Amino acid sequence: LYTVYIVTLNMILAKFSDAAVTVLGLYYKMQGFFFIPVIGLQTCIVPLLSFNYTQKKYQRCQNVMRASFQISAVFMVLGIICFIFLPETMIRLFSDSSEVIQIGKTAFPIIGTSFLSAVYSLLIPVFFQAIGNGFRSLMLSLTRQIFCLVPIFWLFSLIGLSYTWIAFPISETVAGAIGYVLYRRQLQMWKGYGRLKKCKA
């Protein structure tokens, strides 16, 4: 998925300038400082969720997810602060090009607003993967990276380069909102199982 949408976005940005392509590349380099800890967390919570799910300890699964949301939010808030308030400083670590800096100063704050939504769009697909619902996990990942990001990015590119970056917060918010609704429904289903057990008892 990463390869598909990066190549596609680069093709769209190439119509504007090489500097725009460079800005996208720099974003993904610096994004890693805040996303890699969350990706590491994804790997850690899968066995915890899977074990507790098979043991029908649904409250523990919910507790794991709540803690994961909170930990991820810390890294995302740090990312928001850096991308909104320090875009030029971050860009200058890799490039002194005035065009790259100018484009990046517009792009980074816009993209940075997507980080809080990314907490849900990154973690909830892993939740569904861990409990054996691979279809939902896949569809949420596709929604985030392909179904939303690519077409919205292309549509906004028809208006202008500065608008293309809005695709990031929109796609993260849409994927995060859909994921959160599905997650809450799963929790309600588990609560229903608990009430049913009590009635039988």
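The side chains of Glu-172 and Arg-144 meet in a salt bridge, with N and O 2.9 Å apart; a salt bridge here is a side-chain nitrogen of Lys or Arg within 4 Å of a carboxyl oxygen of Asp or Glu. Glu-172 lies in helix α9 (residues 167–200) and Arg-144 in helix α7, so the pair ties together parts that are 28 residues apart in sequence. Glu-172 and Arg-144 are both buried, where buried means under 20% relative accessible area, exposed over 50%, and partly exposed in between (1.4 Å probe, protein chains only).

The model is predicted: local features need pLDDT of at least 70, side-chain atom pairs count only at pLDDT 80 or more, and totals for chains, interfaces and linings use all residues. Residues are numbered from 1 along each chain as its sequence is written, and side-chain values use heavy atoms, with hydrogens and water left out.

**Salt bridges**

A search of the whole structure finds four salt bridges. Salt bridges that share partners join Glu-88, Arg-92, Asp-96 and Lys-105 into one network. Within this network, Glu-88 and Arg-92 are separated by about one helical turn, because they stand four residues apart in helix α4 (residues 87–92). Glu-88 also forms a salt bridge with Lys-105. Since Glu-88 lies in helix α4 and Lys-105 in helix α5 (residues 98–112), this pair ties together parts that are 17 residues apart in sequence. Three members of the network are partly exposed: Glu-88 has a relative accessible area of 29%, Arg-92 has 43%, and Lys-105 has 36%.

| Salt bridge | Closest N to O distance |
|---|---|
| Glu-172 and Arg-144 | 2.9 Å |
| Glu-88 and Arg-92 | 3.0 Å |
| Glu-88 and Lys-105 | 3.7 Å |

**Overall architecture**

The protein chain contains nine helices and zero strands; helices (H or I, at least four residues) and strands (E, at least two) are DSSP runs, numbered from the N terminus. Taken along the principal axes, the C-alpha atoms fill a box of roughly 70 × 30 × 20 Å. Of the 201 residues in the chain, 46% are buried. One pair of residues gives an impression of distances in the model: Glu-99 and Val-181 are 82 residues apart in sequence and 41 Å apart in space, C-alpha to C-alpha. Glu-99 has its place in helix α5 and is partly exposed, with a relative accessible area of 42%.

**Cavity and pocket**

Both kinds of space are found on a 1 Å grid over the protein atoms alone: a cavity is a set of points where a 1.4 Å probe fits but cannot get out, a pocket is an open set with protein on both sides within 12 Å along at least five of seven lines, and lining residues have an atom within 4 Å of a point. Grid points are joined across faces, edges and corners, and a volume is the space filled by probe spheres set on the points.

One cavity of 30 Å³ or more is found in the whole structure. The largest cavity holds about 80 Å³ of space. Both partners of the buried salt bridge, Arg-144 and Glu-172, belong to its lining, which also includes Tyr-5, Tyr-27, Tyr-28 and Gln-31. Helices α2, α7 and α9 each supply at least two residues of this lining. By class, the lining of the largest cavity has five nonpolar, three polar and two charged residues; Ala, Val, Leu, Ile, Met, Phe, Trp, Tyr, Cys and Pro count as nonpolar, Asp, Glu, Lys and Arg as charged, and the others, Gly among them, as polar.

The largest pocket contains about 350 Å³ of space. It is lined by 18 residues, of which Ile-39, Gln-42, Leu-122, Arg-144 and Gln-145 are the closest to its centre. Two or more lining residues come from each of α1 (2–14), α2 (18–54), α6 (115–130) and α7 (134–157). Helix α2 gives the largest share, seven residues. The lining of the largest pocket comprises nine nonpolar, eight polar and one charged residues.

**Nonpolar surface patch**

Val-74, Val-77, Leu-78, Ile-81, Phe-85, Leu-86 and Leu-116 form a nonpolar patch on the surface, with about 630 Å² of accessible area together. Patches are made of residues with over 30% relative accessible area and no salt bridge, like charges being joined within 9 Å and nonpolar side chains (Val, Leu, Ile, Met, Phe, Trp, Tyr) within 5 Å; accessible areas come from the Shrake-Rupley method with a 1.4 Å probe, and for residues only the protein chains shown count as cover. Helix α3 (residues 58–85) contributes the largest share of the patch, five residues. Leu-116 lies in helix α6 and counts as partly exposed because its relative accessibility is 41%.
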